[in-house]
Structure formats: C-alpha cells, structure tokens
Amino acid sequence: MNDLEIAFRAPWYERERHDATVNDTPLLRPVIQKYDDTSFVQRLVADPQDSLEFTDDDRWSYPVPVAFPAPGTGRQRFATSRLVRTNLRKIYQPSHDRFYTVVVELFCDAPGLPRAGKHDDLTVQFVMRRRDTTIEGSHAHVKKLARELMLNLLHAEDPNLVFDGVNAGDGKDLKKLKRGRIGDREDLWWAKELARQRFEEDHRDLLDAVTAHTSNQVWLTNSKTGRGRWAKLDSDRLETESEQTIPMWRVPREPCDKDGTRSLWFGVVPTYSADHWNDPTRSNRSVPKFDERGIYEIVCIATQKPKPGHEHCPPKTWESVASEPFRLAAPYDPDGTKNRRVSISAPDLRQLAARAGQPAGPGGLSITTPPGSQFNFSADGFPKISGSLGAGGGVCTFAFELFFIVALFLFLMFLPIIVLAFQLWWLLALRFCFPRLDLSMTALAAFFAGGTGIGAADGTAKDNLSLVLGKGMGDKLADAANKFPTDGASAQALVGMIDPKDAVTSAADKPLKHVDDPLCEKH
C-alpha cells in the first residue's frame, strides 16, 4: 500500500446513472450532492446515492429588467425583472433547508484502475478554491459588452421579452438604476460557456477591446494569528500560512462490497463563514470569506503517511481535478427562502388583556437604561415628535408580546406605503392569505373581466380590494395620483396576482434515480 498512486473519480453510482466508465472525462471530478434536511449525513452513510435532483432553481440566474407591463398574465405582468438562468451551479444556505456534501471515489492509479481497498495510511480532505476574474478594457466597451451578453441570454430564455434598457430620455436616477442592474460583468464572463462561444462570433470587435483574466485562489490561514486570506494558488506565502483543508470521511462498507475494496469518501460543503479578510483589490476593505459573487470549486486531496522509519520524509499527496464550479446563494435569495416556512401566531389580545389583570410576573424582556441614555418624548402631534435624553439608570421589563404587536403594526402600516410610493406593484404578489375570500375574489374577477380599468372601479370593487389587500387599498389603487396602470389588462392581472387559489403551499425536490450496485450478484 505504501507504493500506491491514487486516482480520483466520481462515485460508482454517478457513473452508473450516466452509463459511463471510470475514464470518461465528465466523471473524473468529485460530485456535489444535495439534501433538504439536517439528517443528510445519516442518509449518506446509510445509502450514499440517496440525494436530491438538481433543478432549474439550482442554476445561477441574473435578474434582467424588462419593459413594463411584461408579457403574460397575473403576476407575470407586474414582474419588472426576469431571471436569466446560466449553467453555473448555485448552492443554497442551511437557512434555505439545503445542505451539501462532496463525494469522491479513490482508485489505484494503475492499469485497469483497481479499487483502492483498505488504506489505513491514507487521509482524505478537500479544499475550497475560488476563481477570480478581472476584466481589462475601457468602461464603455465593458459596459456595452455586458449589456449585449445580457440581452443574448435574455433572448435565449424568452424571445418575447423586451429589455428595459437605458434610453436617452431617461432621467439621471433611472439611468443609474438601470445601469446598476447589469453590473455583473465579471460574473457573466464565466456564467454560460456555450452562450459565450456563440456570442464571441457576433461581437469579435468588442471582445478584441476587452481582456479577461481568471486566476485560481486558495484560502490561506495563518497558524500564528488565526486569520485568513484569499491568495493566488502560485503566490508567495508566509511560513506560518497554509491552505485550509476540510476533513472527509470514508463511507462505511456497502452491503455488496463484501471485500471492502471500494473507497468512497465524503465531506460536508461549507456554504457560509464568519471569517473576513482585508481585500487589497478593494482598498484593503474587510470583506467576507464567502459571498454570492465568488465562483468556487472543490478539490479533494489524499495524503499518505510516510513508511515506518521514514517519518522524517514529507507525506505523498494527490489532488483530484476540481468539482463543477458553483456560486453561493445570498441569505435572502428568493429561490432559497421559498424552501423554508416559519409559522408563528400573533399574540391573542384577549389573553393578554386577561393577563394584565393579574400581578406582574418575572417573565419578559428586561432593559437596563445606562445613565444619560433614556429617551423622554411625547407622541402628541405624531409624526412630529420632540424629545430629550433623561437621566436613565432604571430597569424596565416588557412582555415579549408587546414587541411583536408593535412590529406587526408597523409592518402592516408601512407595506402599502412602500408599494404606493415606489409603484412596486409586484410586492403584492409576495403575500397571500387563507382562508381565501371567495366572494370578494369572484366579484373582482367578474367586475374586471370586461376590460374595466382600475380607475373605473365602483365602490363595491374598491371595498373588495380593501378586504383582500388591507383597509383603504381599493381607494388608493383607483386614485390616479398613485399611478397604477389604468388599462383593463392590468386590472385583470392584479386580481389574478392577489388570488391565493394557485399558491403552492409545499414542494419537494425529487430524489435522484436509484441504481443497482454492480458489485451485487445478479440472480
């Protein structure tokens, strides 16, 4: 075992799913597996191939502004951006109920690639590496190239959509907004390889004026300070710096592997970190180790301990090829947050009123006010409030319910203000209530079915809108000053958007196809 050479491959079941051999190029890399619950390690140990399919939601996407109103009905009409999906993998956060492992199979790098078998002298780890892309060229060329590529991807997604571009007549703020929405220039260079190749043929002049440089970076940790940083793979490093490694464990022997010759290893993929580092490309500003802009890869490393009597010799190591590249979803990525539901009940005011008639108890949130930090004010004349700082030094205890009541009140009060002030009509699609107000929704659908615009809504229609959306919203939407679209199609689309009858209340990704183990005897 001490003279072996190691080769890495995708696990056996991945090869079986694709009817591939150990020498097929796509199956040379480690495999990332997806799960939707915290028992994923137990599931993997019990059955390594038990994981979930990757879907379109697991492909990185870019929001592209489209002309309003957009093609389609219901909520689609009010969606002022559409997602352009690339082939780049997207990895979600634990807060999205998504968890990931990397799995690799080891072989002896010898003719026929025999299975590695027992290897007490081997340890396997993996590292997270980052691809850093910089683009050189004039600002005008880079901006035009990014816009043309975004248009190309948008057209591939839906030829009927119209890009909401920057026009000469746009105001300064609108131009700034639109330009900000197509700012992912470095990321787009990497996102969709095949589309990029076709794109190059049509935009050779622009591409000749722009140069892209991509480098592999490693996360170096300093054993003396405990701090880390991203650095180029071949850059100089301090004696106290080394690449951070993450442990992998061997999967227990599978039922059909009677001789224990199969060597499957897995590790848990980290998707977030509290670490920060001072990025020299951003004026040494402190930035997170992981973010949603970086493109990452996983490389597995096998290490063999020196032979007895040769402990002074350095260990032998082998590296796998990199996994498929991926990006990390932001904590508030909508495709991720839709996977997690949190249910709470608002405080029962009747119970609170009954509790108020009893002696004050020890529970609640106690707040100590430091000296000179007490807020003294009068709410008379709201929103104009004047106040002063008091002596402080006291301790007040508030029932937890009070905080929730005030927070819920402020949320419900300010949500329609934000919708109306910024004409963000699509925000109304991000809420739905049960039970469905069947009579109101049926009446609204019937009233606007003939093409009547929102401005012509009668008192009954306004009342029904207010029942569904909140007190007074019917009058506000019908008020021309709030600039809701006046055409009948938009009114019909609004009714379809706020109707909860088609809401998806639960969904689960499908498990990957289960394949037979080729080591099992065929009967």
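These are short exercises with worked solutions on a predicted model.

**Exercise 1. The disulfide**

Find the disulfide and say which parts of the chain it ties together.

*Solution.*
- Start with the rule: two cysteine sulfur atoms must lie within 2.5 Å. By this rule the count is 1 disulfide.
- Name the partners. Cysteine 256 is joined to cysteine 520, with an S to S distance of 1.6 Å.
- Place each partner. Cysteine 256 lies in the loop between strand E11 (249–250) and strand E12 (264–268). Cysteine 520 lies in the segment after helix H15 (488–498). The pair therefore ties together parts that are 264 residues apart in sequence.
- Read the twist. The angle about the S-S bond is 80°, and the link of cysteine 256 and cysteine 520 is right-handed.
- Check the surroundings. Cysteine 520 has a relative accessible area of 26%, so it is partly exposed.

**Exercise 2. Length of a helix**

Work out what span helix H11 should have, then compare it with the model.

*Solution.*
- Count the residues. H11 covers residues 400–422, which makes 23 residues.
- Apply the rule: 1.5 Å times one less than the number of residues. The expected span is 33 Å.
- Compare. The end C-alpha atoms of H11 are 33 Å apart, which agrees.
- Look one step further. Just after H11, glutamine 423 has a positive phi of about 50°.

**Exercise 3. Surroundings of H15**

Is helix H15 largely enclosed or not enclosed by the rest of the structure?

*Solution.*
- Take the cut-off: a residue is buried under 20% relative accessible area.
- Count. In H15, 8 of the 11 residues are buried, so the helix is largely enclosed by the rest of the structure.
- List them. The buried residues are Gly488, Ser490, Ala491, Ala493, Leu494, Val495, Met497 and Ile498.
- Find the neighbours. These buried residues pack against helix H3 (75–78), helix H12 (438–448), helix H13 (459–469) and helix H14 (473–478).

**Exercise 4. A hairpin**

Describe how strands E13 and E14 pair.

*Solution.*
- Give the direction. E13 (residues 276–279) and E14 (residues 285–288) pair in the antiparallel sense, over 4 bridges.
- Pick one bridge. Asparagine 278 has serine 286 in E14 as its bridge partner.
- Look at the turn. The two strands form a hairpin with 5 residues between them. Serine 283 in this turn has a positive phi of about 60°.
- Sort the faces of E13. Trp277 and Asp279 make up the covered face. His276 and Asn278 make up the uncovered one.

**Exercise 5. Aromatic rings**

Classify the ring pair of phenylalanine 290 and tyrosine 296.

*Solution.*
- Begin with the total: the structure holds 14 aromatic pairs.
- Read off the geometry. The centres of phenylalanine 290 and tyrosine 296 are 5.4 Å apart, with 90° between the planes. Planes over 60 degrees apart count as edge-to-face. This pair is therefore edge-to-face.
- Check burial. Phenylalanine 290, at 9% relative accessibility, is buried. Tyrosine 296, at 0%, is buried too.
- Try a second pair. Phenylalanine 432 and phenylalanine 434 are edge-to-face, with 5.6 Å between centres and 80° between planes. Phenylalanine 432 is partly exposed, at 40%.
- Widen the view. Phe290 and Tyr296 belong to a cluster linked by ring pairs, together with Trp219, Trp230 and Phe326.

**Exercise 6. Charges over rings**

Which rings lie under the charged ends of arginine 89 and lysine 90?

*Solution.*
- For arginine 89, the ring is that of phenylalanine 54, and the charged end is 4.0 Å from its centre.
- For lysine 90, the ring is that of tryptophan 60, and the charged end is 5.4 Å from its centre.

Conventions
Residues are numbered from 1 along each chain as its sequence is written. This is a predicted model: local features need pLDDT of at least 70, side-chain atom pairs count only at pLDDT 80 or more; totals for chains, interfaces and linings use all residues. Side-chain values use heavy atoms; hydrogens and water are left out. Rings of Phe, Tyr and Trp (its six-membered ring) pair if their centres lie within 6.5 Å; planes under 30 degrees apart count as stacked, over 60 as edge-to-face and the rest as tilted. Buried means under 20% relative accessible area, exposed over 50%, partly exposed in between (1.4 Å probe, protein chains only). A charge sits over a ring if NZ of Lys or CZ of Arg is within 6 Å of the ring centre and within 35 degrees of the ring normal. Contact means heavy atoms within 4.5 Å. Two strands pair if DSSP finds at least two bridges between them.
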